[in-house]
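Got your viewer open? Let's take a walk through this one together, stop by stop, selecting a few residues at a time.

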Amino acid sequence: MPTIHGRTRAHYDNPHRHQTLAGATLYFYRADAADSRPPGPGRSRLGWRALDALPPGALGLATVQPDGSYSLDLEGYEGGPLLFALRVEKLDYAPATGKSAQGLLGVAQPRREGLAWVLDLDVPRPAYCALLGALDLWLVAGRVTDGSPLARPLVEGVVTACARDFDPDGTLGQAATDATGSFEVFFPGDVFRHIPTLPPPFDSILPHELIGGPDLYFKVRSGNAWVVDEPPSRARERDRENRRNCSYLELCAEPPRLDTMTLWTHVGETGLGRLDGAGDWSGDVQFRGTLARTYQGEPVRFRFVHAAWADTAPRYPRDYRPLTAEHLHGGQAYAYLREQVGPAAGDCMLTPVFPLPDAEGWIAIPQDPRLIHLGRLIGLRPESLAPRPGCGAEPRLPSGKQLWRRKVSFILEVRTERHVLHPQGPVTLVLEGLAAPAHEDGQTCHPGC
């Protein structure tokens, strides 16, 4: 007996996340190839059309599992297009509403893989939202980010969705954000339809005809801190009133509190270069870490000092010199200033903050509370530490440039007006690259390296 299996995916407006049809029962019918104009093998055309009852004559049925998969044996099936219908009383991941839904889902053409037939069902947003509407099930979904161009998600935050309709403190539900910052809150329509019984002849008016969708506002907690704390009045603004049953919103979190200490934690964008020994680096080198605006109430400033060496390790502080503007990649921001420029939570403008060291290499951290740190302290230009070409000091290259390679140790220094924080131990990197071009005749010598 042939077997058909696959997975279900239900889409809404979030490009980073989808749902399934877990808990629903799928019904399979033979389709007329001429009338249904089926797509190619392994493809489907799905929608939603509610029916009062499902017709008899199904080839088989299957219950969708919690992971969205389904599998069944289809007696007498030898290929060709299939019609899919669906019946559901409760989706596994959502609360029961006391209502059921049934209807035609669409037409599909399974593909053959060995002895089995395979078909994944991708339900488009209009069909999925219509199914939720038939169940009187409402979805408030969204994504929480810091509003920066990097759109860094808030992970493991707790989102509380509220509706200010007839209950000013009405909580619709809570959900945790995933690795993309996404969340989903499902709730029955009765949750926000708390209206008094109307006298005749108004008692014939259905609640949803009177009040429409919920008026939404949100609160988001990260750890013990509120990063989104909207007042109930926010729900009365145009972009939040009477939201449809399948809503998606982007929320912009408040700037997170900066860490209590300014620390250098790793080298490189990915964090693969830890501060645990020497490594080979070329190109721009990112020094990354945590940042604090103040220490014991005083503004913080920081700098890096460096020393090149061969056999004998340099002594601190005698042999170290500061990294100044000529050594840094000044076009790389290490923070942003976030400003709310509109009524919507996502209406944020971000102004980049670039490293501006003084003559001694000190970088003063802005004391603006809107500061958002990007995890970068400085971007080092290794070629700025290249040795000056000397007579025979480096091998000659055909391009007229000098190849260099040297070992350099770096130390982070942090201080305030009255405090000098104990510096972290030195970190040694082996830097390499091309120095500035030599003279065309190749004869000019420079004293020392």
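Start with the rings: across the whole structure, a search turns up 11 aromatic pairs. Keep in mind as you go that this is a predicted model.

For a first pair, select Y77 and W117. Their ring centres are 5.3 Å apart and the planes meet at 70°, so this pair is edge-to-face. Now colour by position along the chain: Y77 sits in the loop between β5 (69–73) and β6 (82–88), while W117 belongs to strand β9 (residues 116–118). The pair thus links distant parts of the chain, 40 residues apart. Are these two buried or exposed? Both Y77 and W117 are buried.

Next, select Y316 and Y320. Here is another edge-to-face pair, with 5.6 Å from centre to centre and 75° between the planes. Switch on a surface and look at each ring's residue in turn. Y316 has a relative accessible area of 37%, so it counts as partly exposed. Y320 has a relative accessible area of 7%, so it is buried.

Don't leave Y316 just yet. Add P317 to the selection and look at the backbone: the peptide bond from Y316 to P317 is cis, with omega near 5°. P317 itself is placed in the loop between β24 (301–309) and β25 (321–322).

Ready for a group of rings? Select W264, F287, F304 and F410, which are linked into a cluster by ring pairs.

Rings can have charged company too. Select R221 and W226: R221 lies over the face of W226, 4.0 Å from the ring centre. Then try R301 and W362, where R301 lies over the ring face of W362 at 4.8 Å from its centre.

Now for a polar stop. Select S247, which you'll find in strand β17 (residues 246–252). With a relative accessible area of 1%, S247 is buried. Which residue does the side chain of S247 touch through a polar contact? Show R243 as well: the two side chains are joined by a polar contact of 3.4 Å.

Time to look for empty space. The structure holds 2 cavities of 30 Å³ or more. Let's visit the second largest, which has about 30 Å³ of space in it. To frame this cavity, select its lining: E89, K90, L91, P95, A96, T97, L135 and L137. Colour that lining by residue type and you should get 5 nonpolar, 1 polar and 2 charged.

One of those lining residues, E89, deserves a click of its own. E89 lies in the loop between β6 and β7 (101–109). Why does E89 count as exposed? Its relative accessibility is 60%, and the cut-off for exposed is over 50%. Now draw a distance from E89 to Q102: their C-alpha atoms are 8.8 Å apart, with their positions 13 residues apart along the chain.

Finish with two backbone oddities. Select D136, in the loop between α2 (125–134) and β11 (137–145). Its phi is near 55°, a positive value in a residue other than glycine. D136 is buried, with a relative accessible area of 10%.

Then jump to E156, in the loop between β11 and β12 (158–163). E156 isn't a glycine, yet its phi is positive at about 60°. At 67% relative accessibility, E156 counts as exposed, whereas D136 is buried.

Notes:
Residues are numbered from 1 along each chain as its sequence is written. This is a predicted model: local features need pLDDT of at least 70, side-chain atom pairs count only at pLDDT 80 or more; totals for chains, interfaces and linings use all residues. Side-chain values use heavy atoms; hydrogens and water are left out. On a 1 Å grid over the protein atoms alone, a cavity is a set of points where a 1.4 Å probe fits but cannot get out, and a pocket is an open set with protein on both sides within 12 Å along at least five of seven lines; lining residues have an atom within 4 Å of a point. Grid points are joined across faces, edges and corners, and a volume is the space filled by probe spheres set on the points. Ala, Val, Leu, Ile, Met, Phe, Trp, Tyr, Cys and Pro count as nonpolar, Asp, Glu, Lys and Arg as charged, and the others, Gly among them, as polar. Rings of Phe, Tyr and Trp (its six-membered ring) pair if their centres lie within 6.5 Å; planes under 30 degrees apart count as stacked, over 60 as edge-to-face and the rest as tilted. Helices (H or I, at least four residues) and strands (E, at least two) are DSSP runs, numbered from the N terminus. Buried means under 20% relative accessible area, exposed over 50%, partly exposed in between (1.4 Å probe, protein chains only). A charge sits over a ring if NZ of Lys or CZ of Arg is within 6 Å of the ring centre and within 35 degrees of the ring normal. A polar contact is a pair of N or O atoms within 3.5 Å; within protein, one must be able to donate a hydrogen and the other to accept it, and residues adjacent in sequence count only if both atoms are side-chain atoms.
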